[in-house]
Amino acid sequence: MISSAEYRERITALRPNVYIDGELVPRTDPRIEPGVNVIALTYDLAQEPQYDGVFTATSHLSGDKINRFCHIHRSADDLLKKQEMTRLYCRQTGGCIQRCMGTDALNALSVITYEADQLHGTEYYPRFLAYLEHFQKQDLCANCAQTDVKGDRKKRPHQQADPDLYLRVVERRADGIVVRGCKAHNTIAPYADEIIVVPTRFLTEEEADWAVAFAVPADTKGVRLVCRPTAFRPRQKLDAPIAHYGDVESFTIFDDVFVPWERVFLCGEREFGGPLALLFALYHRHSYTGCKPAGTDVLMGMAALAAEYNGIAGADHVQHKLAEMIGVAELVYAAGIAAAVRGQPMRSGTFIPDVVFANVGRRHAGEHIYREFEIVADIAGGLAATLPLEGDYLSDENGALIRKYLMRNPAISAEDQYRCFRLISDAICSSMGGVAQIAGLHGGGSPVMESITLLKAYDVELRKQAAKHLAGIVS
Ligand SMILES: Cc1cc2nc3c(=O)[nH]c(=O)nc-3n(C[C@H](O)[C@H](O)[C@H](O)COP(=O)(O)OP(=O)(O)OC[C@H]3O[C@@H](n4cnc5c(N)ncnc54)[C@H](O)[C@@H]3O)c2cc1C
């Protein structure tokens, strides 16, 4: 396992291909740093003895101790530990830990490359294992670039006015392939070592060129990362852990990118495009059963603290709202536990979560995301939107008066009361709050995608039979 300093050094050395607001910027750009700090934490805390066995795992390839983010799940216990790890990390950062993306893609590839080889006699699985060994040894972190820009949502990839609206193979060569397209909303991409590409959807006979999966270093020639950074508002003097974290999403453009065969994990076997897309989504939705409860933990903590400071902690409506949040956090977490326990090993030996439990968990979280923000806004009051800025709070001119008039509970210092509402303001009334809400809704797939998956996997007929039996219907 490497240190966070080594990770920072490694990404700093990448070829500049990150664009922000019209500029080509180095990966040391201060707008990227909050995202880098999140990933750095995953290197730092993995070294701490108290997290040993949860934030770390044993590689099934080398037998070495590795960062769990580089691990292939081999049992229900591995899935449970990943879920626990995700919740612990996200509580620390107050938001998405981001590194799960690569883990979920690796796990999906470890299943599908094996299955493709069984059917087609290809060599994707040994290729993938060689890549995985390198990934684990170097303790790499990766983005998963799945979501295509998709053009007209009602049209299939081959029906689009521009075939590049879904990433595809445009040339096959003796030494590799050339790909073209653009993947959207790619979290972590500008500070990841690698970008792992998988398809977005099921593919038809005509769509073999879109059935492609591969991994490239994030600075590969032809890859352009057009980025939108989001961070909590910077602090002047009242520093706080939350102020150091953020994330960056990229429009990841593949402008005729060459990928050598040893990094290609699917190319043309179109019947595996859909299963790979769904399997990445399944792992990612299971990851959500760890991060979403942590998001609720943090929002619930803010609501409870604001209630205490406002003197309304015992009010009935506050108690009911906190109970509602506990219900969301723990039902989502419980669904993740059930998905792990009811999971199963695939032929490659990789363990996958149960589809129904993982999807109901993710769906429940996505459906409640705006409600959770609403509860915090309700309990915190309007100050979340109007809190005087730090410069005024600290100023000689108005600071003392602001401290006087912000006071709620005299047993709590004015600074702690200011800090509490500053945290809430930064979390729910900010660009970061907006991104967290939309990520909570769409990340891992919009709610309708979970509904579609559920309806496919679920035995509704069994329920109809139960109703018929109770009604005395025999036909
Ligand atoms: C902050 C954030 C981070 C993300 N990070 C990543 C990442 O790192 N990697 C990655 O690959 N993806 C990432 N995603 C993408 C995420 O998975 C997608 O946003 C999600 O799958 C929805 O896709 P979309 O954004 O293209 O929305 P759309 O698919 O355009 O959805 C918009 C609406 O259209 C509906 N719709 C779409 N198609 C149809 C249809 N054929 N018929 C009827 N209705 C339809 C949807 O149900 C939805 O209601 C991220 C998203 C966010 C917001």
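Domain bounds here come from an automatic or database domain assignment, and for the protein chain that assignment gives domain 1 (4-268) and domain 2 (276-466). This is a predicted model, in which local features need pLDDT of at least 70 and side-chain atom pairs count only at pLDDT 80 or more, while totals for chains, interfaces and linings use all residues. Residues are numbered from 1 along each chain as its sequence is written.

**The whole chain**

Start with the protein chain in a cartoon view, where there are 15 helices and 14 strands; helices (H or I, at least four residues) and strands (E, at least two) are DSSP runs, numbered from the N terminus. Along its principal axes the C-alpha trace spans about 75 × 70 × 50 Å. The radius of gyration is 24 Å, which agrees with the value near 23 Å that a compact globule of 475 residues would have; this radius is taken over C-alpha atoms, and the globule rule is 2.2 Å times the number of residues to the power 0.38.

Colouring by burial is a useful next view, since buried residues make up 49% of the 475 residues. A residue is buried if 20 or more other C-beta atoms lie within 10 Å of its own, exposed if 12 or fewer, and partly exposed in between, with C-beta atoms placed from the backbone. Of the contacts with a separation of 6 or more, 77% are accounted for by residues 24 or more positions apart, where two residues are in contact if their C-beta atoms, placed from the backbone, lie within 7 Å.

**Between the two domains**

Now select 4-268 and 276-466 as two objects, domain 1 and domain 2, whose C-alpha centres lie 24 Å apart. Their contact takes 49 residues from domain 1 and 43 residues from domain 2. On the side of domain 1 that touches domain 2, the elements giving two or more residues are α3 (76-93), α4 (100-120) and β10 (223-231), and α3 gives the most, with 11 residues. By class, that side of domain 1 has 24 nonpolar, 13 polar and 12 charged residues; Ala, Val, Leu, Ile, Met, Phe, Trp, Tyr, Cys and Pro count as nonpolar, Asp, Glu, Lys and Arg as charged, and the others, Gly among them, as polar.

**Helix α12 and two partners**

Move on to α12 (residues 414-428) together with α6 (residues 273-310), whose axes come within 10 Å and cross at roughly 140 degrees. Axes are lines fitted to C-alpha atoms, for helices over the stretch in contact, and angles run from 0 to 180 degrees between N-to-C directions. The crossing of α6 with α12 is left-handed, a term for the near helix being turned anticlockwise from the far one by less than a right angle, with clockwise giving right-handed. Show side chains for Met302, Leu305, Ala306 and Tyr309 in α6, which meet Gln417, Cys420, Leu423, Ile424 and Ala427 in α12; by class this contact has eight nonpolar, one polar and no charged residues.

Keep α12 in view and add α8 (residues 355-380), where the axes come within 11 Å and cross at roughly 145 degrees. The crossing of α8 and α12 is left-handed, and the contact is made by Phe373, Val376, Ala377 and Ala380 of α8 with Phe421, Ile424 and Ile428 of α12. These residues divide into seven nonpolar, no polar and no charged.

**Loops worth a stop**

Most residues other than glycine have a negative phi. Select Asp139, in the loop between α5 (124-138) and β5 (142-145), where phi is positive, near 55 degrees; Asp139 is buried, with 20 other C-beta atoms within 10 Å.

Next go to the loop between β7 (176-187) and β8 (194-197), which holds Ile188. Ile188 has a positive phi of about 75 degrees and counts as buried, with 27 C-beta neighbours inside 10 Å. Ala189 is found in the loop between β7 and β8 and is buried, with 28 other C-beta atoms within 10 Å. Leaving aside residues up to four places away in sequence, Ala189 touches Asn143, Ile195, Ala218, Leu225, Ser250 and Thr252.

Finish at Tyr458, in the loop between α14 (447-457) and α15 (460-471), which is partly exposed, with 14 other C-beta atoms within 10 Å. A distance drawn from Tyr458 to Val355, 103 residues apart along the chain, gives a C-alpha separation of 9.1 Å.
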